[in-house]
Structures are given as C-alpha cells and as structure tokens.
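Dear colleague,

I am passing on a structure that I have been reading through, and I would be glad if you opened it beside this message. Please follow each strand in the viewer as you read.

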Amino acid sequence: KWQRKLQYLLIDEYQDTNACQYKLVKMLTGVRGQFTAVGDDDQAIYGWRGADVENLRQLTEDFSKLKVIKLEQNYRSTVRILRGANAVISNNPKLFDKKLWSDLGTGDLIQVSAAMSEEAEAESVIMKLQAHKFEHRTKFLDYAILYRGNHQARIFEQQLRNHKIPYTVSGGQSFFDKAEIKDLISYLRLIANEDDDPAFIRAATTPKKGIGNTTLERLGEFASAHKISLFAAAFEGDFQSEIGNKQLDDLLNFCQYINKLQDRAVRDAAGEVLNDLLTTIQYEAFLYDSEEPRAAESKWNNVMDFIGWLSKKGEASTEFGNENDGKNLLELTQMVSLMSMLEGREDGEPDAVKLSTLHAAKGLEFGHVFLIGCEEGILPHRESIDLGAADPTKIEEERRLMYVGITRAQKSLNISWCKK
C-alpha cells in the first residue's frame, strides 16, 4: 500500500541514518527504487547515536542502477578554508572521492593560535572578535564560537558578558536558561515589578514556603475575577477571609519580604541584598536537598557566579576598560531582564554572537568562525584517542567533526588551542 502511495522518496542527511531507517527505505522504495538520497560521508558525526555511514556504501551494492552525482562546488567558503577542510578529511579512508572547490577567491589565511590556559584563550578570542568587528564594520551575528563539548561554553559566556557583547547559545543551555538562575531572576523580577505573575508563582514556591497549590489556585481565581495581580490579591480583605490563618500568614510573610527587598533594592549595595536573599530563602540548603551532591555543587557555583557578576556591576569603579557606575539592584534587574529577553527573541535572528557545539552547528554557516579547544583530548575527544588504536572509526568521526567545524566558516577561520 505504501509503496504504491509514495512514488518518489527524497532522503536528506542520508549519512545520519541508522540500520532500521535503511531497512525502511528499502521497503518503501520496493522494486522500483525511485529515490534520491542526499548525503555527505565526510559529515557523518552521529555514530555515537546509532547512525551508520555504512548505509552509503550499502546503497551502491543494493541498488545496481544507482547514479552518483557529486556536488563539489562549494558556494559558502573561500578557497583557503576549503583547502584546510580537504587536508583534514583526506586522512580518512574514502567512500566517494570528492574535492570541494569554490570560486569565491583565495580569502584570508586561517589563523591558528595557542593560549596558555582556557581563560587566556577566551580572552584572546573575544579581543580578536571585537577588533575584527570594529575593523570590518560587521555585525555580532556574523560571528560564531564553536566547541566540542557544552562545558567549554561557560568561560566564553563570562567573557562575553563582561564585555557587554550579546550572544546566544545553541545545542546547550544558555546561562540564563539554567533553573537555578531562573529561580533567582524570578525574585529579581518580582522586586522590579510585583505584578509579574509568572515570577510571583516561581518565587513563592522555590524553595517551598508553605504556600501550596490550593492557596495559589484560590489566589489565582480571586485575582482574575478582580482583574488584579496575584501579589495585589494577597492583600485584599475579601480574599484573606477566604483562606486559613496558617496559609494567609505564609503568603503575607512572603509578600512583605518582597516589599522589604524592594526598599533595599534602591538603597543598599546589590551584592549585600542578594547575599541576604540567598541566606533568608536558604537556597543552598534547598539545592543540596533536591539534587545529588555534585549537581547541587555545580548549581550553587552558578548561583555564586551570577551573584558575583551582579555584585561587581553594582560597585562603582573605573577599572581599566570597565566602567561601573555602581548600579543599584533595580537597575541591574532591568539589565538582566533585557539580556534574557533579547536571548529569547523569536522574531528573526538577534544580532548576537552564536555559541554552539559542533554537532548543533551542522548545517549552519557564519561569516567568521572561532574554533576553540582544538587540542588532543578535547578535539579529538579523549575517548576517540584511547579507543582509536583498537577502533580507527572513532578518530575518523572526530576528523569529520573538525571538517564540519572548518566548513561552517565563510570568510575567516580562527583555530585556537590551550597549552594547559
């Protein structure tokens, strides 16, 4: 039935198919075998999740009438970038031989630079990016910083935030998307605007403060009936008479505490207010109660990073290159809201540097690419080296990952690695 229904099949990203998908293709195409498979054996980077590049070779055996059309002209990158990509991938055994070429000119030299440490690497990449942007009058969205693993992003996020450079993270979580940071931001949002209902719900229930679902439901019903915010509803006499004393006490304690923070937010040092907030809500204990010790520790470190960053922004100083005019907590909150709002802008691409893993960058292209952490043990990944002796396909997949990274770049490519 399905063979009759589907006359032609087009299979994209064919190199990422697995064994059962290949069986499905064979069954659907039947005797006629009318299909087109588009794929690139040099971009097979999903072996770890079952994709089998063998499927490409299998095609040539299972379908004798197969016609191979090579797409060797590249419309994206300059000649030098392609030469680099070809040189890396030529070390892999070939299924279909191909040489990418381009008529977009020779282009800039590929830059390869070493740094003493990952901090130095992040600093140097951000400096180069800013200088390049200034010199070439480009936009932030023309730049991408690509890496092998999500954990490499954090130090770059810190540097970008310090230099007030907008960025988005794909293939991983942005700093502002982490649950623990969102928890804190919900308090900040409520301090800035007590009528922010989503922030109210999150702050009132994280960590738990005796404000249960029933109380919140009753509060919600009352608020929507009277067209007021949850915060305002808590202070209404009619609502207060509806719920038990214990529930009301817990609710009012929370709201009055937010009022107290609002007073302090415009008066006291941001760092001080934030640290008092964490102590009062016992956030560290809450994390250790609800998470495994290692996860809790990592989340608490993120919270400390966030608080440290805000505290620093709150201090008046004219340190070299970083002028802080001592913003109060309210102003800092507005700045954070703006940053997290810009990140979530769905309408078109925001003008921001893209941070991405190599896997998540597949299929994308950027004017200028910084490929970071290109050292033995990271890219190529340690496991591929350890297992490489027994199973050469592991190191071949890392080479393909490098090939994908290089070919994301249109005009310029910077490769960096750390000595330590």
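Below is what was found about several strands and their partners.

This is a predicted model, in which local features need pLDDT of at least 70 and side-chain atom pairs count only at pLDDT 80 or more, while totals for chains, interfaces and linings use all residues. Residues are numbered from 1 along each chain as its sequence is written, and side-chain values use heavy atoms, with hydrogens and water left out.

Let us begin with strand β8 (residues 353–357), where strands are DSSP runs of E with at least two residues, numbered from the N terminus. Five of the five residues of β8 are buried, so this strand is largely enclosed by the rest of the structure; buried means under 20% relative accessible area, with a 1.4 Å probe and protein chains only. Val353, Leu355 and Thr357 point one way from β8, whereas Lys354 and Ser356 point the other way, and all are buried.

Two strands count as paired if DSSP finds at least two bridges between them. Strand β5 (residues 167–170) runs parallel to β8 and is joined to it by four bridges, with Thr168 having Lys354 as its bridge partner. β4 also pairs with β8 in the parallel sense, over four bridges, and here Ala144 stands opposite Lys354.

Strand β4 (residues 143–147) pairs with β9 as well, again in the parallel sense and over four bridges, and Ile145 stands opposite Phe370 in β9. Strand β9 (residues 366–371) is mostly covered, since six of its six residues are buried. Five bridges join β9 to the parallel strand β10 (residues 409–418), where Leu413 stands opposite Val369.

With best wishes

Terms used:
Buried < 20%, exposed > 50% of the residue type's maximum accessible area, 1.4 Å probe, protein only.
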